[in-house]
Structure formats: structure tokens, C-alpha cells
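Colleague: Got a minute to go through this model with me? I'd like to start with the sheet and then look at the helices.

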Amino acid sequence: MAKRTILALSKKYLFLSSIFLCLYLGLIIGLRIGQTHLIFFPSSAINNTPKDIKLNYEEIWITMPKGQLYGWWIDSNLLKSPTVLYFYGNSSNLGDLLDKVEFFHDLGVSILLIDYRGYGKSQGAFPNEISLYEDAEASWSYLTIKKQILPQNIFVYGYSLGGAIAINLATRYPTMGGLIIESSFTSMSAVIDYYLPIQLFPKSLILTQKFDSLSKISSLKMPILIIHGTADKTIPYTMSQDLYKKASGAKSLILVEGANHANIQYKAKAEYRQVIHNWLIFCQKYYQYDLRRQI
């Protein structure tokens, strides 16, 4: 009788273990296949345009093999002014960026902003790491080929996830004028560790969207400005400290006390403007330009 009970319990345990294993493997497969939907949150509604802040702008389309990029080009109309190529984070679109448009326009800087394929009006499949890198390269080509802007006159600005995109682009085009990386991270693996310190799943088998900025930044030689808020709960500022330590060229790290993931420009105000302005001045050794307003 005891043997039968033990055998029955063993079969029940084996059955439950098999179900658990199947569920576990199913979750692993699901996370590997569907992880882009856990990372990217594209929005298609563009609720604001530069016209709302009384700025002239040009709507541009960049045709790609698999889709089209939509963007805004705001020209400073100043001779030799620098150009900023801006990349936003994982859940935004152009309509959320009027503060950056106005900020750089007031500095006398031309700016190109694009929506990644799958975001805003841009056309294409659901985004992934490779497609975002392709979108960044297409934007770069638009500036250097279509607009015929010299690489050393172009600054690439990446916010949050956009920082990883900017750093990857810089590895491809090392003659760019410089990088501004705001509120970004070292790698997607490190972000997972931050949110899930106890690993329940094998990252090496699951993670396909790596965005490994830490392994790339040491090869960059252009000036790099890294900005982060000390109260950022989305991405810890220590990740920017790690990026700064690994960077090997001319570099600067600005930590804004009390700023969170999204409010550095408003929290720092005049200091933020001064930092960006001074950094552009510092980079004059790469090119000559005129700013509309001296601070």
C-alpha cells in the first residue's frame, strides 16, 4: 500500500514538474520572440508640430528598402551653424519633442528629428534593434548626402534608448562632431539586472535586443557629453557613470541633482543651457560655426 502511494505521488510530482517545465520553456520562448513588444512602445499620433511654437520646419521623407522615415528639418539659417541629429527613447514620437526643437533653435543650431519606422508617421514593421540602427544610418546619410553637411558639423543627441542608437551610429561614423548622451544605459542586459536582480530566466538564451553601449563607447574618439539626473528611477545614473569611465576620448559627465528620467532640461534650466552651449564651444576645434545667441 505504501509503495502504491509513493508511486502515485511520484507520478503526480512528475506530471506537475512536466507542466511546470513546459510553462517555463514556453515563457522563455515567448520572451525571446516577443521581447520587442516589452521594449518598444510606438505611438502613431503626432499631437504637436513646430508650427505650434511658431517655427518654420520642413517635413521630410527618407525612403528605405523596407518602409519610409518621416522627420522634421528645422534650419537655423545661419552660416556654419552646427546640426543636431536627435534620437528619442522607446515610447515617444516627434510630437513630444517641441522642447528640444525650441531649445536648439534658440541656440542657433539646425536640427533633424526622425520617427523610427513603426513610430509616428514613419512606415515599416514593428521596430527592433537592427531596424533602429538602420533608421539612424538613413538619417545620417540624409544629412551628409542630401543636405551635404560635413560630418564634423553634425552632433548626434541620444536620449534614453536613443543614447544606445547614437553610440552605435558613432561607431560607424567616427568623424562626426560629437555625441550628447542623456539619461541612457550601459546595455539592455544591465537594465534587466536593475529591474530583476534575481534572474529567473537565462538571459543569454533570451536576449536578442542587446543595445550594448558599454562595449562600444571605448572605441569612440569624438567628444562625448553625458548627462543624467541623480533621481532617475527608470535608468540609474550610475550607468552614465559607467559609460563615462569607459569612454576614452574628450568627455564630460554632468549629473543633475534631483532630476528624474525626463525632466533634466526643466530641472537644470539655465545650467542645462550653459552646459550644452559650452560643450559646443569646446568642440570648435572640429569646425567653425556661429551661434545665434551668446550666453
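Modeller: Sure, here's a quick run through the strands, the helix packing and a salt bridge. It's a predicted model, so local features need pLDDT of at least 70 and side-chain atom pairs count only at pLDDT 80 or more, while totals for chains, interfaces and linings use all residues. Residues are numbered from 1 along each chain as its sequence is written, and side-chain values use heavy atoms, with hydrogens and water left out.

Colleague: OK, what order do the strands of the sheet come in?

Modeller: The order is 1-2-4-3-5-6-7-8, in an open sheet of 8 strands with mixed pairing. Strands (E, at least two residues) and helices (H or I, at least four) are DSSP runs numbered from the N terminus, and two strands pair if DSSP finds at least two bridges between them.

Colleague: Which ones are the edge strands?

Modeller: Strand 1 and strand 8 (251-256), each pairing on one side only. On average, neighbouring strands in this sheet are turned by 20° against each other, direction ignored.

Colleague: How do strand 1 and strand 2 pair, parallel or antiparallel?

Modeller: Antiparallel, over 7 bridges, with strand 1 at residues 58-64 and strand 2 at 67-74. A hairpin through 2 residues joins them, and Glu58 sits opposite Trp73 in strand 2.

Colleague: And strand 5 with strand 6, parallel or antiparallel?

Modeller: Parallel, over 5 bridges, between residues 154-159 and 178-182. Tyr157 has Ile180 in strand 6 as its bridge partner.

Colleague: Switching to helices: at what angle do helix 3 and helix 11 cross?

Modeller: Roughly 55°, and the axes of helix 3 (residues 98-106) and helix 11 (residues 270-282) come within 11 Å. Axes are lines fitted to C-alpha atoms, for helices over the stretch in contact, and angles run from 0 to 180 degrees between N-to-C directions.

Colleague: Which residues of the two helices meet there?

Modeller: Lys100, Phe103, Phe104 and Asp106 in helix 3 meet Tyr272, Arg273 and Ile276 in helix 11, where contact means heavy atoms within 4.5 Å.

Colleague: Last topic, how many salt bridges does the structure hold?

Modeller: There are 6, counting a side-chain nitrogen of Lys or Arg within 4 Å of a carboxyl oxygen of Asp or Glu. One salt bridge joins the side chains of Glu134 and Arg117 (2.8 Å, N to O). That pair links distant parts of the chain, 17 residues apart: Glu134 is in helix 4 (residues 129-146), and Arg117 is in the loop between strand 4 and helix 4.
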